[in-house]
Amino acid sequence: MMSFSGADVAQLRTLAARFETQANRLNEIASSSTAAIMIAEWTGANIERVRSEWNRASRAHIVSLGRQCSELAVELRSQADQQERASAALPASGGNGGVAPRQG
């Protein structure tokens, strides 16, 4: 008897949606924080240093994390699609409807 392994497609899609949600949150954080820093009623070298650091590193890091979350969401959806195609190609035998059983 052949043994197949695969992923739970619904779980992959749920995880992808969660990563996409987090990507959107990170982008919102970057945007709202940038706005708050730029309109802060604070003058002098310290705020300029904060703004510079925010724009140079902190904001860029948050935006990068958001992009990585989005890319992971795309990859997870692609893996779900591949799993569905692979499962559909299996012969319907053994009463599992042609779906590969998951193995941990």
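This report walks through the helices of one chain and three of its residues.

The model is predicted, so local features need pLDDT of at least 70 and side-chain atom pairs count only at pLDDT 80 or more, while totals for chains, interfaces and linings use all residues. Residues are numbered from 1 along each chain as its sequence is written, and side-chain values use heavy atoms, with hydrogens and water left out.

**The chain as a whole**

Welcome to a chain with 2 helices and 0 strands. Here helices (H or I, at least four residues) and strands (E, at least two) are DSSP runs, numbered from the N terminus. Of the 104 residues in the chain, 21% are buried; buried means under 20% relative accessible area, exposed over 50%, and partly exposed in between (1.4 Å probe, protein chains only). The accessible surface is about 7300 Å², and carbon and sulfur atoms hold 55% of that. Such areas come from the Shrake-Rupley method with a 1.4 Å probe; for residues, only the protein chains shown count as cover. Among contacts (heavy atoms within 4.5 Å) with a separation of 6 or more, 68% join residues 24 or more positions apart.

**How the two helices meet**

Helix α1 covers residues 9-39 and helix α2 covers residues 45-89; they pack at an angle of about 165°, with their axes 8 Å apart. Axes are lines fitted to C-alpha atoms, for helices over the stretch in contact, and angles run from 0 to 180 degrees between N-to-C directions. That angle makes α1 roughly antiparallel to α2, a label for angles over 145 degrees. By class, their contact has 23 nonpolar, 8 polar and 7 charged residues. Ala, Val, Leu, Ile, Met, Phe, Trp, Tyr, Cys and Pro count as nonpolar, Asp, Glu, Lys and Arg as charged, and the others, Gly among them, as polar.

**Three residues to look up**

| Residue | Helix | Relative accessible area |
|---|---|---|
| Ala80 | α2 | 0%, buried |
| Thr34 | α1 | 18%, buried |
| Ala86 | α2 | 43%, partly exposed |

Start with Ala80, which touches Val9, Leu12 and Arg13, not counting residues up to four places away in sequence. Ala80 and Leu12 are 68 residues apart along the chain, yet 5.9 Å separates their C-alpha atoms.

Next, find Thr34: leaving aside neighbours within four places in sequence, Thr34 is in contact with Trp54, Asn55 and Arg59.

Finally, look at Ala86 together with Gly6, 80 residues apart in sequence and 8.9 Å apart in space, C-alpha to C-alpha.

Methods: Angles under 35 degrees count as roughly parallel, over 145 as roughly antiparallel, 65 to 115 as roughly perpendicular and the rest as oblique.
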